Amino acid sequence: MSFKYAADRISDYEWLLERGVTKPISVFMNQNLYDQSEEEMWRQAIWATNIPSVEKIVITPDAHAGAGVPVGIVVATRDHIAPCAAGYDISCGMVLLKTSVKAEAISSKEHRRAWIEAVEERVACGMGTHQAISQKKIKPKMLSEILQHGLDAFDFVPSTVKENFECKKHEVVSYVRYKRAEERGLPSLGSIGQGNHFCELQQDSEGNVWVMIHTGSRGYGHQIATDFFNEGLEWWNSSHSMQLGRGQKELISFPVDSDIGKRYYNAMNQAANYAITNRFLIAMAVMEATNEVFEGTAEVFYEISHNLVQIENGLYVHRKGATRALSAGHSLLKGTLYEKTGHPILIPGSMGTSSTVLIPQDSEKSLYSVNHGCGRVMSRGNAKRTLNQDIVNKEMDGLDILCNGRNIPIDESLHCYKDIDEVINTVEGANLAKVSIKLYPRAVIKGSD
């Protein structure tokens, strides 16, 4: 049976699967995105309904198959936590900077190249052992403060900056040292990383210049996830009749009040504090580079995660490749700048297309969530086998977008992703959020490990 074709169409942008599943799955896609969706993504979404105490599942318009569950899924549970629905890159997310620079200042390729070089002097693009010349060095003692307190570990960060972070810190009830995670994480603070992570110089239609940064918890978060998947598999097989093999470790879940459940949630929050700080340190470095090259200032517009488990309205809301979208009046926004408007949502496009800032609307029906990007349609391996490097390079040159590498990362080119306009039109069509600002890329710094 193809569950993909068992769902009922609710509107031009929403589908509901109730037949043959234990809990309903809401899918937000237009017809074209729906037709393109993979059977494997549907199979993984169906499996997610078996997570104990699950209440509801939402699939975002950029969804595609992932590890255990799709990338682009929201899972709400009462009393269980599933690490696969937060993923390996815990608290991967975005930070957007608004600068005082105007578009005329970045029209020159020479100026944009100088900005790329100034950022790369301060921000490593790969493994932390290859740190940038002027990258801020973090000592082990300071790392422990960061893991426990997030931005509150720094005395010099003003409240006006912290209030534009989704969370200035995540609660760590009992700080635990994870030696291998710390070894991987310490030298990587302030670095971008590989895959779809980036630092991008952008401009809007009114000629304002922005910088969008996409990165997460680097080796620290990946090691935390790996350790708990491995330990969790042993725990699962010792306490469940249905045994899982090594290749099925992403299918584990824990009761939140169990020892391993408490420890995972605590460790995940430590990794989230690392990710927040990583984005902050990169933002600080970009501010310096922007001032050096353009004699302009930059400030944090907003920061937000899209790979995390958060407690909302008494439920454990897992978002993997999905962005929080709390609308006006939500209890979690009380006392913040965004109580009456809803907070900004930061959605990157592909390397050659626009990115978007949205404002939440009727997002309760999607578990206060929207997509986190435009979603892959081509695997990295397939991209490397089928795409032509010279053609991809010429495409970016034709769009007048500079990149930090000699060649455009072919597995990150615009051919590898869904049409961002279709994805965003679906979000607007379903009235989950509305577009506030569109941003167009002018220079891209891609990470590599």
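**Briefing: a pocket, a helix pair and a sheet**

The second largest pocket has a volume of about 720 Å³. The structure is a predicted model. The points below cover this pocket, the packing of helix H4 (residues 140-149) against H8, and an open sheet of 7 strands.

**Second largest pocket**

- The pocket is lined by 31 residues, and Glu166, Cys167, Lys169, His170 and Arg324 are the closest to its centre.
- Two or more lining residues come from each of helix H5 (159-162), helix H8 (259-294) and strand E12 (307-312).
- Helix H8 gives the most to this lining, with 4 residues.
- By class, the lining of the second largest pocket has 15 nonpolar, 8 polar and 8 charged residues.

**Helices H4 and H8**

- Two packed helices are described by the angle between their axes and the distance between the axes.
- For H4 and H8 the angle is about 110 degrees, and the axes lie 6 Å apart.
- H4 is therefore roughly perpendicular to H8, because angles of 65 to 115 degrees count as roughly perpendicular.
- On the H4 side, the contact is made by Leu143, Ile146, Leu147, Gln148 and His149.
- On the H8 side, Gln270, Asn273, Tyr274 and Thr277 take part in the contact.
- The contact of H4 with H8 comprises 4 nonpolar and 5 polar residues, with no charged residues.

**The open sheet**

- Strands of a sheet pair through backbone hydrogen bonds, either parallel or antiparallel.
- In this open sheet, 7 strands follow the order E1-E2-E3-E4-E5-E13-E12, and the pairing is mixed.
- Strand E1 (8-11) and E12 are the edge strands, each pairing on one side only.
- On average, neighbouring strands of this sheet are turned by 20 degrees against each other, direction ignored.
- Strand E5 (residues 71-77) and strand E13 (residues 315-320) run antiparallel and are joined by 5 bridges.
- Val74 has Arg319 as its bridge partner in E13.
- The edge strand E12 is also one of the elements that give two or more residues to the lining of the second largest pocket.

Methods
Residues numbered from 1 in each chain as written. Predicted model: local features only at pLDDT ≥ 70, side-chain atom pairs only at ≥ 80, totals over all residues. Heavy atoms only, no water. 1 Å grid on protein atoms, 1.4 Å probe; cavity = no way out; pocket = protein on both sides within 12 Å on 5 of 7 lines; lining within 4 Å. Points joined across faces, edges and corners; volume = space filled by probe spheres on them. Nonpolar A, V, L, I, M, F, W, Y, C, P; charged D, E, K, R; others polar. Axes fitted to C-alpha atoms, helices over the stretch in contact; angles between N-to-C directions. Parallel < 35°, antiparallel > 145°, perpendicular 65-115°, else oblique. Contact = heavy atoms within 4.5 Å. Pairing = 2+ DSSP bridges.
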